[in-house]
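Student: Could we go through this model together at the bench? I'd like to start with its aromatic side chains.

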Amino acid sequence: PDSGVEVTPFEEAELPSEYFDAAISNVPFGKFGVHDPSMKPQSLTASIHNYFFAKSLQYVRPGGIVGLITSRYTMDGVDKPHVAFREY
């Protein structure tokens, strides 16, 4: 009963950095990016599914767990945004 539920785009959510022990999700898929000026480098926002990985890392504390379902392109993609994401 004390839970708070918000219907807010992830890029607009006001969540505390390095606060959560885990992030678990089935990330959205699409051939489009996300406008989120807070994410640096901007290559992290070029793909919505990679964006969800990178953004989740901001909210999980060091030693926390990020478990997200994604496509094979997150690891297999050869285009520049995917390479920059994997390096991040």
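Student: How many aromatic pairs does a search of the whole structure find?
Tutor: Happy to help! This is a predicted model, where local features need pLDDT of at least 70, side-chain atom pairs count only at pLDDT 80 or more, and totals for chains, interfaces and linings use all residues. Residues are numbered from 1 along each chain as its sequence is written, and side-chain values use heavy atoms, with hydrogens and water left out. Rings of Phe, Tyr and Trp (its six-membered ring) pair if their centres lie within 6.5 Å; planes under 30 degrees apart count as stacked, over 60 as edge-to-face and the rest as tilted. By that rule, the search finds a total of 5.

Student: How many residues apart in sequence are the parts that Phe-10 and Tyr-59 tie together?
Tutor: These two rings form a tilted pair, 5.9 Å centre to centre with 50 degrees between the planes. Phe-10 sits in the segment before β1 and Tyr-59 in helix α1 (helices, H or I, of at least four residues and strands, E, of at least two are DSSP runs, numbered from the N terminus), so the pair links parts whose separation is 49 residues.

Student: Is Tyr-59 buried or exposed?
Tutor: Buried means under 20% relative accessible area, exposed over 50%, and partly exposed in between (1.4 Å probe, protein chains only). Tyr-59 has a relative accessible area of 7%, so Tyr-59 is buried.

Student: Which kind of pair do Tyr-19 and Phe-20 make?
Tutor: Their ring centres are 5.0 Å apart. The planes stand at 90 degrees, so the pair is edge-to-face.
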